[in-house]
Amino acid sequence: MAKSAVSLTPTREDFESLLAESYSDNPATEGSVVKGRIVSIENDFAIIDVGLKTEGKIAVKEFAQPGKTSEVKVGDTVEVYLERIENAMGEAVLSRDKARREEAWTRLEQMANKNERVEGVIFGRVKGGFTVDLGGAVAFLPGSQVDVRPIRDVGPLMNVNQPFQILKMDRRRGNIVVSRRAIMEETRAEQRSELVQNLAEGQVVEGVVKNITDYGAFVDLGGIDGLLHVTDIAWKRVNHPSDVLHVGQTVKVQIIRINPETQRISLGMKQLDKDPWEVVTERYPIGARVKGKVTNITDYGAFVELEDGIEGLIHVSEMSWTKKNVHPGKILSTSEAVEVQVLDIDSAKRRISLGLKQTQKNPWEAFADKFPTGTDVEGEIKNITEFGLFIGLDGDVDGMVHLSDIDWKRAGEEAIKDFKKGDRVKARVLDVDREKERISLGIKQLGSDPLASAAGIKKGDTVTCEVLKVEENGLEVKVAGTDMTAYVKRADLARDRAEQRPERFAVGEKFDAKVTIFDQKARKMNVSIKALEIAEEKEAVATYGSSDSGASLGDILGAALKKQKTDDNE
């Protein structure tokens, strides 16, 4: 029934019709968002008519945005959430917060599906991050998602409307996670791309040192950072960027390289100055002696600065003539002024090889000048090895006595047992090799060579021998008129087997024997009584008898002995 048709005295049916019509304009059901009109504001509460038989009230502060005051007034139409149509007080239970939340969730879900940015306000701090009001819905902003870099003071970001990116939404649990960092990175990437397009390799620009690390410094070029590597700060060695730069310093740099894919920019400062290596070969010719300062010491050598930007390396092998396997730090110290000699230059690799020992006289040359071959020297045994003795000599150099040069008569392995470390011994200089830094010494050369005294003796000669030692298997004898020793084997002591007994000889006894072995190279001589007897017998037979004379061997030998006796008497 139309309103105009209702009489001034409506019936029961008319009233029901009017009531149904008013409900149809605002179909209010519990758990839904409805429209209402503020009819009054009392004691910080807004009284709202939502078209029911009773009114509801909502705290005025629920109509305020975070960090702001409410601006609602009587007569405003607002949307509210109807929790209950009537409570025990006969009032409708309303909520502006829940209405805003329902409205916001629907809007946010649509924006999240489209991957759109959302506006919000950071209004509180919670464990691990912050709370953000997204126009009615409260979201969580993790601390790591606030900015691209850690921020100590978040105060300036609070209660300010700003964009966020929704990372996760769960309506059933009421969870929303947002990120401000994603927006910052996207904006930064856009700005970076635009700035990179305006830069070119080789361009010289000014920037501000933003951060310093062990490997270089980051320079802000006006919205985009470039890396100034420590090796590109100066031509000279820079141990740490903080030695040359400080945060906030304005510097002029050259763009060395731009990576179009990663948009990373490499910067250089030294490129703005002349490269000192362009004239290094002229300033430091090979063989020249120059002065410098030790800047760094390592296990393998020491770096010496010759001038700003020019450094050379003294390898540990070029430090000292005599100190081998010694750490460079025991020879040189940092900041020490030294004189060095240029050994080699590799301009392509920017390397200069320097020598410290070359500025001092070669001790092997000095030794050779002072002690030429044949000179007798004295020193202390520094070391004993399986192949000889090492003797410390004048000039802090060592000489070696080989096993074969210890004794003329005995084997080196046996003779070396007579010496011990620390003994002072005399020796003769045999050879000095300056290039190989070797000095050969001999101890046996201090005495005469027995082999020289036996010159003229050859195999088959008859010699007189003196017994030096009686052994089970033979005799050790000395050849008369020489310093040579020889050996008589047991089987060579006599022709008669019964007489081949060493014990029938005494030390000091002399006898004649024939030389059976004389190896000068091996320095070995063997003599034989048996060989002499056989030779004498053959000679006697040849002189005093023949096979058909009928004379016995005894007669022949008797005649030979008689003649020898007669010759001796004459």
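Which strands make up the closed barrel, and with what pairing do they run? In this predicted model, the barrel is built from five strands in the order β11-β12-β13-β15-β14, and the pairing is mixed. From one strand to the next, the twist averages 50°.

Within the barrel, strand β11 spans residues 204–213 and strand β12 covers residues 216–220. These two strands run antiparallel and are joined by five bridges. One pairing can be assigned to individual residues: Thr213 has Gly216, in β12, as its bridge partner.

An aromatic contact is found in this part of the chain. Tyr215 and Phe218 form an aromatic pair with an edge-to-face arrangement, the ring centres being 6.4 Å apart and the planes meeting at 85°. Because a residue counts as buried only under 20% relative accessible area, neither partner falls in that class: Tyr215 is partly exposed, at 42%, and Phe218 is likewise partly exposed, at 25%.

A further edge-to-face pair is formed by Phe387 and Phe390, with a centre-to-centre separation of 6.1 Å and an angle of 80° between the planes. Here, too, both residues are partly exposed, with relative accessible areas of 37% for Phe387 and 24% for Phe390. The structure as a whole holds five aromatic pairs, among them Tyr215 with Phe218 and Phe387 with Phe390.

An aromatic ring also takes part in a contact with a charged side chain. Arg237 is positioned over the face of Phe303, at a distance of 4.4 Å from the ring centre.

A second antiparallel arrangement involves strands β29 and β30. Strand β29 comprises residues 510–519 and is connected to β30 by five bridges. Across this pairing, Val515 stands opposite Val527, a residue of β30. Strand β30, which extends over residues 524–528, is mostly covered, with four of its five residues buried. The two strands form a hairpin with four residues between them, and in this hairpin Arg523 adopts a positive phi near 55°.

Taken together, the two strand pairs described here can be set side by side. Strands β11 and β12 are antiparallel and linked by five bridges, and five bridges also join the antiparallel strands β29 and β30. Of these strands, β11 and β12 belong to the closed barrel with mixed pairing, while β29 and β30 form the hairpin that contains Arg523.

Definitions and conventions: Residues are numbered from 1 along each chain as its sequence is written. This is a predicted model: local features need pLDDT of at least 70, side-chain atom pairs count only at pLDDT 80 or more; totals for chains, interfaces and linings use all residues. Side-chain values use heavy atoms; hydrogens and water are left out. Rings of Phe, Tyr and Trp (its six-membered ring) pair if their centres lie within 6.5 Å; planes under 30 degrees apart count as stacked, over 60 as edge-to-face and the rest as tilted. Buried means under 20% relative accessible area, exposed over 50%, partly exposed in between (1.4 Å probe, protein chains only). A charge sits over a ring if NZ of Lys or CZ of Arg is within 6 Å of the ring centre and within 35 degrees of the ring normal. Two strands pair if DSSP finds at least two bridges between them. Axes are lines fitted to C-alpha atoms, for helices over the stretch in contact, and angles run from 0 to 180 degrees between N-to-C directions.
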